[in-house]
Amino acid sequence: GGGEGGERGRLRAMRDGFEEEVLEGVKGAVVNGKGAERLWNTTNIGFRGVEAEALLLMLSERGVCASAGAACSSGSLEPSPVLLAMGVEEEVAHGSVRFSLSRETTKEELRDAAGIVVECAKRLGA
């Protein structure tokens with residue numbers, strides 16, 4: 001059964017599908033670092049004009065776990081210096097949220113999550 005590489009490929013494909021659904025649903029949303037070397041199981045999506053903290057709060061109420069900023073700096077409300085260094089506009093960096101997939105994540109969960117993300121981002125004015 002495909003081993004490690006197959007598992008990564010499967011998660012990467014799922015993540016890419018998640019990104020596409022969110023970007024389709026939210027005009028002006030961007031995937032930060034797209035095209036760069038990135039982890040196969042995480043995505044960082046920026047929502048223009050949305051406060052990441054407000055979005056995270058709304059998502060967690062709906063059962064979607066995500067985080068803002070760098071993995072090491074949760075609790076900081078500053079936009080991630082990493083994103084800014086990558087040339088992400090400050091407005092987008094402020095509304096950037098990181099989502100991680102685990103090996104247990106199913107396609108259905110991801111589809112539901114994408115729908116919830118789109119809905120919440122729009123409610124916050126994205």
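These exercises work through the fold, the sheet, a helix contact and a pocket of a predicted model.

**Exercise 1. Describe the overall make-up of the protein chain: how many helices and strands does it have, and in what order do they run?**

Step 1. Count the elements. The protein chain has 5 helices and 4 strands.

Step 2. Put them in sequence order. Starting at the N terminus, the succession is α-β-β-α-β-α-α-β-α.

Step 3. Add the burial. The protein chain has 126 residues, of which 40% count as buried.

Step 4. Look at the range of the contacts. Among contacts in the protein chain with a separation of 6 or more, 73% are between residues 24 or more positions apart.

**Exercise 2. Work out the strand order of the sheet and state which strands lie at its edges.**

Step 1. Establish the order. The 4 strands make an open sheet, arranged S1-S2-S4-S3, with antiparallel pairing.

Step 2. Find the edges. Strand S1 (30–31) and strand S3 (67–68) are the edge strands, each pairing on one side only.

Step 3. Recall the bonding behind such pairing. Strands of a sheet are held in pairs by backbone hydrogen bonds, in a parallel or an antiparallel sense.

Step 4. Follow the pairing of S1 with S2. The two strands run antiparallel and are joined by 2 bridges. Val 30 has Gly 46 in S2 as its bridge partner.

Step 5. Follow the pairing of S2 with S4. Strand S2 (residues 42–46) pairs with S4 over 5 bridges, again in the antiparallel sense. Thr 43 is opposite Phe 99 in S4, and Asn 44 has Arg 98 in S4 as its bridge partner.

**Exercise 3. Decide whether the faces of S2 are covered or open, and place Thr 42 in that picture.**

Step 1. Start from the general pattern. Side chains in a regular strand point alternately to one face of the sheet and to the other.

Step 2. Sort the residues by face. On one side of S2 are Thr 42, Asn 44 and Gly 46, and on the other are Thr 43 and Ile 45.

Step 3. Check the burial of each side. The residues on both sides are all buried, so both faces of S2 are covered. The count for the strand is 5 buried residues of 5.

Step 4. Take Thr 42, which lies in strand S2. Its relative accessibility is 16%, and Thr 42 is therefore classed as buried, the limit being under 20%.

Step 5. List its contacts. Leaving aside residues up to four places away in sequence, Thr 42 touches Arg 15, Phe 99 and Ser 100.

**Exercise 4. Trace how Leu 55 and Met 58 of helix H2 make contact with residues far along the chain.**

Step 1. Locate Leu 55. This residue is in helix H2 (residues 52–61), and at 0% relative accessibility Leu 55 is buried.

Step 2. List its partners. Beyond residues up to four places away in sequence, Leu 55 touches Phe 47, Val 50, Val 97, Cys 120, Ala 121 and Leu 124.

Step 3. Set sequence against space for one pair. Leu 55 and Cys 120 are separated by 65 residues in sequence, while their C-alpha atoms are 6.7 Å apart. Cys 120 is also buried, at 0% relative accessibility.

Step 4. Move on to Met 58, which is in helix H2 as well. Its relative accessible area is 15%, and Met 58 is buried.

Step 5. List the partners of Met 58. With residues up to four places away left out, they are Cys 120, Arg 123 and Leu 124. For Met 58 and Val 117, 59 residues apart along the chain, the C-alpha separation is 9.1 Å.

**Exercise 5. Characterise the second largest pocket: what is its volume, and which residues and elements line it?**

Step 1. Give the volume. The second largest pocket has about 280 Å³.

Step 2. Name the residues closest to the centre. Val 64, Cys 65, Ser 100, Leu 110 and Ala 113 hold that place among the 14 lining residues.

Step 3. Assign elements. Strand S4 (96–100) and helix H5 (107–123) each contribute at least two residues to the lining.

Step 4. Classify the lining. Its residues are 8 nonpolar, 4 polar and 2 charged.

Step 5. Examine Cys 65. Its relative accessible area is 68%, so Cys 65 counts as exposed, the threshold being over 50%. The structure contains 0 disulfides.

Terms used. Residues are numbered from 1 along each chain as its sequence is written. This is a predicted model: local features need pLDDT of at least 70, side-chain atom pairs count only at pLDDT 80 or more; totals for chains, interfaces and linings use all residues. Side-chain values use heavy atoms; hydrogens and water are left out. On a 1 Å grid over the protein atoms alone, a cavity is a set of points where a 1.4 Å probe fits but cannot get out, and a pocket is an open set with protein on both sides within 12 Å along at least five of seven lines; lining residues have an atom within 4 Å of a point. Grid points are joined across faces, edges and corners, and a volume is the space filled by probe spheres set on the points. Ala, Val, Leu, Ile, Met, Phe, Trp, Tyr, Cys and Pro count as nonpolar, Asp, Glu, Lys and Arg as charged, and the others, Gly among them, as polar. A disulfide is a pair of cysteine sulfur atoms within 2.5 Å. Buried means under 20% relative accessible area, exposed over 50%, partly exposed in between (1.4 Å probe, protein chains only). Two strands pair if DSSP finds at least two bridges between them. Contact means heavy atoms within 4.5 Å.
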